[in-house]
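Biologist: I'd like to go through this one with you and test the words we use for it. Can you back each term with a value?

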Amino acid sequence: MRLIRRAHEPAPALLLLRSVCHELRPPIATLSSLVRAMETQPCPERRAEMARLATDYAAHALGVLEEASAAAAGRAGGSAGDVPLRHVLTAVAATVPADRLSVAATPAAARWPVHRRHTQQILINLVGNAARHSSGAICVSARIRAGRLLITVADEGSPNPRLRRALRRPTAPESDDGLGLWLVRSLAAGQGGRVRARRGRPSGVVLEVALPRYRP
């Protein structure tokens with residue numbers, strides 16, 4: 001008789017710890033880069049902008065920790081409040097070198113209210129995945145369609161079966177492989193949204209996030 005090891009869902013405490021570690025890596029890395037850049041930046045206006053972004057990322061990291069603390073204690077995390085999407089896009093643009101990333105939003109999309117921390121986590125994960133798994137340009141765009149905010153992250157990769165499996169996974173993976181995409185889908189679903197992958201035109205891959213208007 002052959003015994004088959006059945007996959008099981010990770011323990012909640014372990015999953016929480018892994019999720020926090022995964023979500024803190026990008027903001028801490030970006031914060032460190034901003035601080036180093038501020039030390040050599042001669043322009044006062046540019047230094048002030050970097051300081052503002054660094055403050056935003058420190059607040060984002062603190063928010064991730066506070067939300068994890070609430071979850072560990074069995075409490076609902078506090079509302080982060082709504083902000084226009086343009087504030088989130090500015091923060092996300094700091095995570096990837098400017099020569100690789102382009103960001104565009106229609107005026108209506110730029111004004112669209114979103115959950116600041118969760119939307120930022122979604123986009124940091126998607127942009128970070130694109131930066132790690134492709135070597136070319138990354139394009140983030142946002143528009144309103146059918147009463148929803150539609151955000152796309154396009155890169156020069158391909159919609160392979162591994163990517164599609166990660167987006168369809170019903171539970172968190174046992175390893176870090178695919179954990180970011182599982183978190184993205186969970187955060188989007190928590191806001192009544194959805195995430196899907198499609199082939200780009202004429203090539204590449206597009207990750208598409210659709211979100212309803214956020215109401216605190």
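Modeller: What follows is a short back-and-forth on the terms and the values behind them.

Biologist: What kind of model is this, and which elements does the protein chain have?

Modeller: It's a predicted model. The protein chain has seven helices and seven strands, and along the sequence they follow the pattern α-α-β-α-β-α-β-α-β-β-α-α-β-β. Of its 216 residues, 43% count as buried, which here means under 20% relative accessible area.

Biologist: Okay, the sheet. What makes β2 and β6 edge strands?

Modeller: Look at the order: five strands form an open sheet, β2-β4-β5-β7-β6, with mixed pairing. β2 (101–105) and β6 each have a single partner strand, so one side of each is left without a neighbour in the sheet. On average, neighbouring strands are turned by 20 degrees against each other, direction ignored. α5 packs on this sheet and touches β2, β4, β5 and β7, its direction making about 20 degrees with that of β5.

Biologist: How do you know that β6 and β7 pair?

Modeller: Two strands pair if there are at least two bridges between them. Six bridges join β6 (residues 194–199) to β7 (residues 205–211), so they count as paired, and they run antiparallel. Arg 194 stands opposite Ala 210, and Arg 198 opposite Val 206. On top of that, α6 lies across β6 and β7, at about 165 degrees to β6.

Biologist: What is notable in the loop between β6 and β7?

Modeller: Pro 202 sits in that loop, and a cis peptide bond joins Arg 201 to Pro 202, with omega about 5 degrees. Most peptide bonds are trans. The hairpin has five residues between its strands, and Gly 204 takes a positive phi near 90 degrees there.

Biologist: Why is Ala 146 called exposed?

Modeller: Exposed means over 50% relative accessible area, and Ala 146 has 78%, so the label holds. Ala 146 is in the loop between β4 (138–145) and β5 (148–155). Its phi is positive too, about 55 degrees, although Ala 146 is not a glycine.

Biologist: Now the helices. Why are α6 and α7 called oblique?

Modeller: α6 (residues 161–168) and α7 (residues 179–190) pack at about 45 degrees, with their axes 8 Å apart. Roughly parallel needs an angle under 35 degrees and roughly perpendicular 65 to 115, so this pair falls to oblique. The crossing is right-handed. Leu 163, Ala 166, Leu 167 and Arg 168 in α6 meet Leu 181, Trp 182 and Arg 185 in α7.

Biologist: And why are α5 and α7 called roughly antiparallel?

Modeller: Their angle is about 150 degrees, with the axes 9 Å apart. Over 145 counts as roughly antiparallel, so α5 and α7 qualify. The crossing of these two is left-handed. The contact includes His 118, Ile 122 and Leu 126 of α5, along with Leu 181, Val 184 and Leu 187 of α7.

Biologist: Last one: which residues touch the most other members of the largest nonpolar core?

Modeller: Leu 85, Leu 126, Leu 149, Val 153 and Leu 207, out of 41 residues in that core. Helix α5 (residues 116–133) gives the largest share, six residues. Leaving out residues up to four places away in sequence, Leu 207 touches nine... well, let me just name some: among them Leu 126, Ile 151, Val 153, Leu 163 and Val 195.

Notes: Residues are numbered from 1 along each chain as its sequence is written. This is a predicted model: local features need pLDDT of at least 70, side-chain atom pairs count only at pLDDT 80 or more; totals for chains, interfaces and linings use all residues. Side-chain values use heavy atoms; hydrogens and water are left out. A nonpolar core is a set of buried Ala, Val, Leu, Ile, Met, Phe, Trp, Tyr and Cys residues joined through side-chain atoms within 4.5 Å. Buried means under 20% relative accessible area, exposed over 50%, partly exposed in between (1.4 Å probe, protein chains only). Helices (H or I, at least four residues) and strands (E, at least two) are DSSP runs, numbered from the N terminus. Contact means heavy atoms within 4.5 Å. Axes are lines fitted to C-alpha atoms, for helices over the stretch in contact, and angles run from 0 to 180 degrees between N-to-C directions. A crossing is left-handed if the near helix is turned anticlockwise from the far one by less than a right angle, and right-handed if clockwise.
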